[in-house]
Amino acid sequence: MWEKRYESLVSFCEAAAWSVDSEAVYQNIVDAGVTILGSDGAHLHLLTIDGKQFVRHASHADEQALAGRDSMFSVGVGRTKWMMRSRQPIFMDHLHPHCEDIVPEKAVELGFISAVSIPLLAGGDVLGMFSAEYKKELPWTEADQS
């Protein structure tokens, strides 16, 4: 088990190696995250300087999903406001959404039915969010969330 975790950590660190092309770094991080988490798609959103909106910087998904690469949404939408306060991930079931979840129509059209959005933290501050999407139903038990 430790070997898989070590390999995952190494692959993530390699993906995050900085270069002049920040967009390539973001894409490498998303691609590594998909492999590490075993997801079918993923998106990397970073906060705007004023901290009021998330901007999608990279995606690993169907070509149609990539078309909205620079899409933006408010930090006050759905449960993201809770994530911003709690610094905890949001676990989603698109078939039976939480009353505050806003499930993107495109995600459902592409067959994604489960997702997790993980806050990206630095010094206790949220800098962005990594969202992994799955085309299978995941129960998101208490054990999965720890």
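Among contacts between residues at least 6 apart in sequence, what percentage join residues at least 24 apart in this protein? The figure is 46%. Please keep in mind that the model before us is predicted.

Allow me to begin with the overall architecture. The protein contains six helices and six strands. Followed along the sequence, these elements are arranged in the pattern α-α-β-β-α-β-α-β-α-β-β-α. The protein has 146 residues, and 37% of them are buried. Its exposed area comes to about 8700 Å², and 58% of that area is supplied by carbon and sulfur atoms.

I should now like to turn to two serines.

The first topic is Ser59, which belongs to strand E2, spanning residues 53-60. Is Ser59 buried or exposed? Ser59 is buried, because its relative accessible area is 4%, and the cut-off for a buried residue is under 20%. The side chain of Ser59 also forms a polar contact, at 2.7 Å, with the side chain of His43.

The next topic is Ser74, located in strand E3, which covers residues 72-74. With a relative accessible area of 31%, Ser74 is partly exposed. Which residues does Ser74 touch, leaving aside those up to four places away in sequence? They are Lys52, Gln53 and Thr80. Of these, Gln53 falls within the residue range 53-60 of strand E2. A polar atom of the Ser74 side chain also lies 3.0 Å from the backbone nitrogen of Gly76. Finally, Ser74 and Thr48 are 26 residues apart along the chain, and their C-alpha atoms are separated by 9.9 Å.

To close, I return to the two serines: Ser59 is buried, whereas Ser74 is partly exposed.

Key: Residues are numbered from 1 along each chain as its sequence is written. This is a predicted model: local features need pLDDT of at least 70, side-chain atom pairs count only at pLDDT 80 or more; totals for chains, interfaces and linings use all residues. Side-chain values use heavy atoms; hydrogens and water are left out. Helices (H or I, at least four residues) and strands (E, at least two) are DSSP runs, numbered from the N terminus. Buried means under 20% relative accessible area, exposed over 50%, partly exposed in between (1.4 Å probe, protein chains only). Contact means heavy atoms within 4.5 Å. Accessible areas come from the Shrake-Rupley method with a 1.4 Å probe; for residues, only the protein chains shown count as cover. A polar contact is a pair of N or O atoms within 3.5 Å; within protein, one must be able to donate a hydrogen and the other to accept it, and residues adjacent in sequence count only if both atoms are side-chain atoms.
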